[in-house]
Amino acid sequence: MILMNFSTLNRLSVLLLVATVALFVGLMGSYILNVPRDDDFPCFYLFAQQFKANASLDLIFESYSDHRIALVRILVLLSEYLFGSIQLQWLGYLGLLMIPATLWIFVSFFRRENLAPVYLLPIFFWILQPQYHETVTWAQSLFCQVPSVLLTGWAVYAALYQPTITRKAGTSGLLCTIATLSYGSGLFAWLPVGLIWLLERRWKLAITWFLLTGLLFVIYFQGHKRAEYLHPLSLAFLADNYPYVIKGFFAFVGAFVSGSLNVTKWSVLVGISITSVFLISAWRLFTKWPVRQSEKPLLGLLTLLGYILMIGFVTAVGRVYGKDGIWTVMVGRYRFFTVCAISLAYAIQVLLSSRYRRAVLGIGLVWGLAFNVWSYISYLPELNANYKNSATSIANWQYNHSGLLYWNQAEGDSILTQSIRHSEYDFPKNLYHVKLINSLQHSIFPANTGDTNSMHIDQQTIVRQFGTTMFPEDVFTFRNQTFAASQQYENGFYLVLKQNKNTFLIPTTPLTDFGQNLFAAKSGFSATVRSPLYKPGVYRVYMLQISSGQRKLIPTGRSITIRSFS
């Protein structure tokens, strides 16, 4: 057994562990946008609207599809209370920090075995990489996948190491309850803890625990109705489809080795290998039953791997049951589970292979580091593309009334418009057009909000240059098919609405097109301001001209009124 000490290797290992965490958290955090997608619309914004209309605990705890997601709903209400709106970035950062907290479970078990920090490096390499970026940058998915693993891990640790039975049961029960209310997979958190009670011969506690678990299953699915498009789930159904379920299960467990959504032989083989590690290691441990104090770290890691395998099996059944096809077990948002599975299998081998521990470490280091580098190289372009797609989607919706990342555009438009009216949604603060606005505040607009640093154009010049339909005394409509918020602003004219603390930049299109040169358009420009997107009040109107990187702000002497919502 290698004792922890302050050798050079340990110092370098700790430094590398910290650097790996910092790189992952810093990089992934920079890609989190305040842009909703998919389930964010009904789970966050529609829920907030319904809760305002009828504040009821039933709304918090009611099922969404097959899941109870009370945890994230409570955090949504907390976000609105703290910031005045639902901040997806705040939720994202909070969820992102749960991933290092999950890694601390491995640290705690390894410290129980007095293992050197270097043995943690493969685990950090496997987990802290961008392959499952869809989970990290999508708030609703993040709070479905990560908390269930985190809370189950700490529930298992508490069941093993809390000093008294009361504290063991109380702490584990609380953590399992929160896990159950985070996502459907959290419901299985009760099973590994109950197994620990059995293996420690705590018969009364184990029986009570499993009876409580059964009751929770009944309550959890109370009132649940099967969707019409789903197959009727039965033993006959499983018997007819077991080859697909088994293949989907192994592909899920080994999905992290595949760079695509295709079920490959390598993903299946790795899934078989990880499952074999679990079964063989569990047999070796259970033949020594009852579990000794020195074997508790191994028992904890084994029950956690069993928990991940249960999620894999249920997911495979669900994909076949839902007619989705087994390829859907390979989607990126599930891969947090799969990298946890390989990390747990490695940790189990480290504890079991005392004679060959350094060999296991060597294989883990080579595989983990190679996988980490490959993942960053392979998935950073996809991460950038998704970021750009998210930024463009909200810009397109802002100006074209379409483009939301939601399966029902009309419904998504209605939900988001209502959210803006009730101050539940703020536009992202880190898109390029917002950064440009911030720079305008400091470089173009003087501190005294006067126009002394800007060129003055009288009313007649404005009419001749921009057209008579440019500034009606009410909200007007803007049409633009080419603007993308994530791109650099091209040469042209932009409408600027300026209030004391609010500045909005709006692209324009020429009313008459004279080719690529926007400045050649003589009959004016058109812009649309959708009133739900801006705070009510009186705005001074400017035109911003950008040409070859040079900016010129043109005061029009006009103002418009954005009306308050009825």
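Select Tyr157 to start: Tyr157 is buried at a relative accessible area of 15% (buried means under 20% relative accessible area, exposed over 50%, partly exposed in between, with a 1.4 Å probe and protein chains only). The model is predicted, so local features need pLDDT of at least 70 and side-chain atom pairs count only at pLDDT 80 or more, while totals for chains, interfaces and linings use all residues. Residues are numbered from 1 along each chain as its sequence is written, and side-chain values use heavy atoms, with hydrogens and water left out.

**Aromatic pairs**

The structure holds 25 aromatic pairs. Rings of Phe, Tyr and Trp (its six-membered ring) pair if their centres lie within 6.5 Å; planes under 30 degrees apart count as stacked, over 60 as edge-to-face and the rest as tilted.

Add Phe109 to the selection. Phe109 and Tyr157 make an edge-to-face pair, 5.3 Å centre to centre with 70 degrees between the planes. Phe109 belongs to helix 5 (residues 88-112) and Tyr157 to helix 8 (residues 139-161), so the pair ties together parts 48 residues apart in sequence. Helices (H or I, at least four residues) and strands (E, at least two) are DSSP runs, numbered from the N terminus. Phe109 is buried, at 0% relative accessibility.

Next select Trp126 and Tyr346. Their ring centres are 5.6 Å apart and their planes are at 65 degrees, so this pair is edge-to-face. The pair links distant parts of the chain, with Trp126 in helix 6 (residues 121-127) and Tyr346 in helix 15 (residues 335-352), 220 residues apart. Trp126 is buried at 1% relative accessibility, and Tyr346 is buried at 5%. To see the cluster around them, add Phe256, Trp367, Phe371, Trp374 and Tyr379, which form one aromatic cluster with Trp126 and Tyr346.

**Charges over rings and salt bridges**

Select Arg112 and Tyr161: the charged end of Arg112 sits over the ring of Tyr161, 3.8 Å from its centre. A charge sits over a ring if NZ of Lys or CZ of Arg is within 6 Å of the ring centre and within 35 degrees of the ring normal. Then move to Arg37, which lies over the face of Trp138 at 4.5 Å from the ring centre.

Keep Arg37 and add Asp38 and Glu134; the three are linked in a network of salt bridges (a side-chain nitrogen of Lys or Arg within 4 Å of a carboxyl oxygen of Asp or Glu). The N to O distance is 3.0 Å for Asp38 and Arg37, and 3.7 Å for Arg37 and Glu134. Arg37 lies in the loop between helix 1 (8-29) and helix 2 (40-53) and Glu134 in helix 7 (residues 133-137), so the latter pair ties together parts 97 residues apart in sequence. Asp38 is buried at 18%, and Glu134 is buried at 16%. The structure has 6 salt bridges by this rule.

Another salt bridge joins Glu200 and Lys296, with the closest N and O atoms 3.5 Å apart. Both residues are buried.

**Cysteines**

Select Cys43, which is buried at 0% relative accessible area. The closest cysteine sulfur, in Cys144, is 6.9 Å from that of Cys43, too far for a bond. The whole structure has 0 disulfides (cysteine sulfur pairs within 2.5 Å).
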